[in-house]
Every structure is written in structure tokens, then in C-alpha cells.
Amino acid sequence: MKTDRIRRAATGLRLRETVAAAALGLAALNAGAAPAAANAAAPAAPQHAAPAAAAAAATATFVKVGDTVITHQEYDAAFAQASRGKFYHGKPPEAEVAKLQREVGQQLVDEILLTREAKRRKIQPDQAAVQKTIATYEERYKDSAQWKTNRAQVLPGLKAKLERDSIQEQLNKQVKTAADPTPAQLEQYYQKHKDKFTSPEQVHLQMILLKVDPSSPQAKWDGAMEEGKAIAGRLKKGSDFAELAKVHSGDPSAAKGGDMGYVHHGMLPEPAQKAVDQLKPGEVSEPVALLEGIGIFKLQGRKSPVLNPLDQVRERCKDLYLRDKGEDQWNALLARLRKDTPVKFDESRFLPLAKAGETTPPR
């Protein structure tokens, strides 16, 4: 019975999300439940304020893009959704809230500008894909009483949102499709981005892992650390690492004397990586606290980073060139659209941006 109630509640929540997303076109659902960050963007009116005044404030213009108006109510709904996705239900730093406030405003404007650009290019929605998606909603919620009650109200807004998404997807593909690079362009890209084609340093390691359950009390961790120090002391006095690994290590590598083979730089947990970075070949680390226990490492050798020749990475180089070129073309389009259609935001309720070097905006 309890499971059924939970399942029905979850189904109802997903359906409410669909209803709200379709109605607003911004996926802004349950705005009243927004976290503290959302409240910072939309200060509540005094309790004694007249309902008419509150309604007027909500429908006041946040920004006007040509003849299209975005109200504060629409902005607040979009910000609430964005802040939930970014900050969940925590209380973020004011500097982060101030930054997100402006990002959401710009995203709303960009959506209008891109919709107009798509219309200028005569892009039409993929109706077959739209109908297919609607059919999945019909199937998913076919047994939901809430869907049956709200279906006629939801479908028009849902269809409109899916059509907008389809148009935006096609515009994105059109703009980001770049011509294949010439050999000279590919060579130039390769030379400019050598870091993308360089194999990182590799280290040959042995490890002894004294396993500790992460939920164990501190005394258990302290005991493992003391044991690790004793083992490290024996190793530094000449004891054989492989033999001690076979006896003490709880890692699968124990059967091979703790031999982990070659590991790429950056693949180890941060505490382990810091310890290994300080070692010279043949040296043993001090015990290091890891997620699964206490680790002791021995560095057997290093392989320096290697720049792979263009002939070996030509396909990857081409893919990265086309990706970056597509992003450049998209950003250039946005810059042109913004320049051609200047707008002015009502920033009266925005938090001030932090100055360089500050973590908290001035009040």
C-alpha cells in the first residue's frame, strides 16, 4: 500500500512537471517551492500589499525584445527552475546568485532572438518527431487520472513546446555544421592545440591497501593509519613490497605483489596523486587516507608525456576542429543577433555583481 502511494505520488509529480513545462515553455514548475536563491531574485511583496499591486508587479516588464515582452513573473519562474538545477535547495553564495540572475535573463532573450532567426530561415518543426514524443506521454500516463483530467489543457502547450525544441535543434544543427578543414587548417589546429593530442604522463605503481569500510568509526581508521605507518617503516628499511602487499593488501592487485601497472596521471584519487607526485622511482609514500582505506604506494617508474603525431590522431583532430568551429559559428550568430537587437533589462531586483577578487557582492 505504501509503495503504491509513493508510485502514484511520483507519477503525479512527473505529470505536474509536464503540465508546467508545457504551460510556461520554460520548464518552470512549482515556482513557489524554489530555493533561497530563487527568492533572492524575486523579493516577496509586503504582506499588507494589495493583491492588485502584487499582480501588477508580477506582470511588469522585465525586458522587451523588439515587440516581445518578458514579464517579471516569467523571469521569476525561469530563475526558480534554473536555481533548483544549479543550487538544489541549498543557500548559495550571493555572488553565484547574482551571476545566475543575469545568465537566466540573457538566456530568455537569446531564446527569443534564436526563435526569430529560425523563422527567418523558414525552419519548420519535425511534426513526426513531435507526435512520436506526445505518443510516449500518452503511453506513460495512460493510467493516470490526473493526465486524463488535464490532457485537453496540457496537450496544446506541450505540443507548442516540443515544436519550439524541434526548431531550436534544427537551427543548432544548421549553424554548427562546419566545412571539413583543409590539410593546412588541420595542421594549424593541431599545432595550436598540442595539449589535446598529448598522452599524459604515466606512472608504474605498486600499492598496499589496508581496507576500511567508509562508515567505520574513527578509531578503526586511526588503527589502520597506525598499521600503515608501521608497514611503510618496514618498507623503507628494505622489506620487500610485493611480499608485504600479498600479506596485508585488500586490493585485487595484492595477488601480483600490489603491481598496478602503468596509470595515467590524474586517474588516481587526489590524495594518492599528491603523494605519488612527490616520489622518485624506487621510493615509498607515507600512508594516505583514501575512500576505501589506507594506501601505501611505491613508484617503480615514470613515462613522460608524449605528443602523438598528427598522422596518428588525424580523425580526432578533425572531429575536435569541427566541434570548435561549430561552437565559434554559434557564438558568432548569438553575438550578431544581440548586436542587431539591443535590449535593456530591469535589474532593479538583481543582486550586485562581486568585484574582481571579491566572493561576496557589496551591499
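**Exercise 1. Find which residue of β2 stands opposite Val63, then work out how the hairpin is put together.**

Solution.
- Start with the partner: Val63 faces Ile70 of β2. Keep in mind that this is a predicted model.
- Now look along the strands. Lys64 has Val69 opposite it in β2.
- Zoom out to the whole pairing: β1 covers residues 61-65 and β2 covers residues 68-71, and the two run antiparallel, joined over four bridges.
- Finish at the turn. Two residues sit between the strands of this hairpin, and Gly66 takes a positive phi near 65 degrees.

**Exercise 2. Classify the ring pair of Phe62 and Tyr75, and say which parts of the chain it ties together.**

Solution.
- A pair of rings is described by the distance of the centres and the angle of the planes.
- For Phe62 and Tyr75, the centres are 4.3 Å apart and the planes make 20 degrees. Planes under 30 degrees apart count as stacked, so this pair of Phe62 and Tyr75 is stacked.
- Next, place the two residues. Phe62 belongs to strand β1 and Tyr75 to helix α4 (residues 72-87), so the pair links parts 13 residues apart in sequence.
- Are they buried or exposed? Both Phe62 and Tyr75 are buried.
- Then follow the rings outward: Phe62, Tyr75, Phe79, Phe345 and Phe350 are joined by ring pairs into a cluster.
- For the full tally, the model has nine aromatic pairs.

**Exercise 3. Work out the strand order of the four-stranded open sheet, and find which strands stand at its edges.**

Solution.
- Read the order across the sheet: β5-β4-β7-β6, with antiparallel pairing.
- The edges are β5 and β6 (288-290). Each has a single partner strand, so one side of each has no neighbour in the sheet.
- From one strand to the next, the twist averages 45 degrees.
- Now take the pairing of β4 (residues 202-211) with β7 (residues 293-303): it is antiparallel and spans ten bridges. As one example, Val203 has Arg302 as its bridge partner in β7.
- Add the helices. Helix α9 (residues 218-236) packs on the sheet and touches β4, β6 and β7, with its direction at about 35 degrees to that of β7. Helix α10 lies across β4 and β7, at about 40 degrees to β4.

**Exercise 4. Locate Ser253 and decide whether it is buried or exposed.**

Solution.
- Ser253 sits in the loop between α10 (241-248) and β5 (259-264).
- Its relative accessible area is 6%. Buried means under 20%, so Ser253 is buried.
- To see what surrounds Ser253, skip neighbours within four places in sequence: its contacts are then Met207, Gly258, Asp259 and Met260.

**Exercise 5. Describe how α8 and α12 meet.**

Solution.
- Helix α8 takes in residues 183-192 and helix α12 residues 314-340; their axes come within 10 Å and cross at roughly 90 degrees.
- The two helices, α8 and α12, are therefore roughly perpendicular to each other.
- On the α8 side, the contact uses Gln185, Leu186, Tyr189 and Tyr190. On the α12 side, Arg314, Cys317, Lys318, Leu320, Tyr321 and Asp324 take part.
- Sorted by class, the contact of α8 with α12 has six nonpolar, one polar and three charged residues.

How values were computed
Residues numbered from 1 in each chain as written. Predicted model: local features only at pLDDT ≥ 70, side-chain atom pairs only at ≥ 80, totals over all residues. Heavy atoms only, no water. Axes fitted to C-alpha atoms, helices over the stretch in contact; angles between N-to-C directions. Parallel < 35°, antiparallel > 145°, perpendicular 65-115°, else oblique. Contact = heavy atoms within 4.5 Å. Nonpolar A, V, L, I, M, F, W, Y, C, P; charged D, E, K, R; others polar. Pairing = 2+ DSSP bridges. Phe/Tyr/Trp six-rings, centres within 6.5 Å; stacked < 30°, edge-to-face > 60°. Buried < 20%, exposed > 50% of the residue type's maximum accessible area, 1.4 Å probe, protein only.
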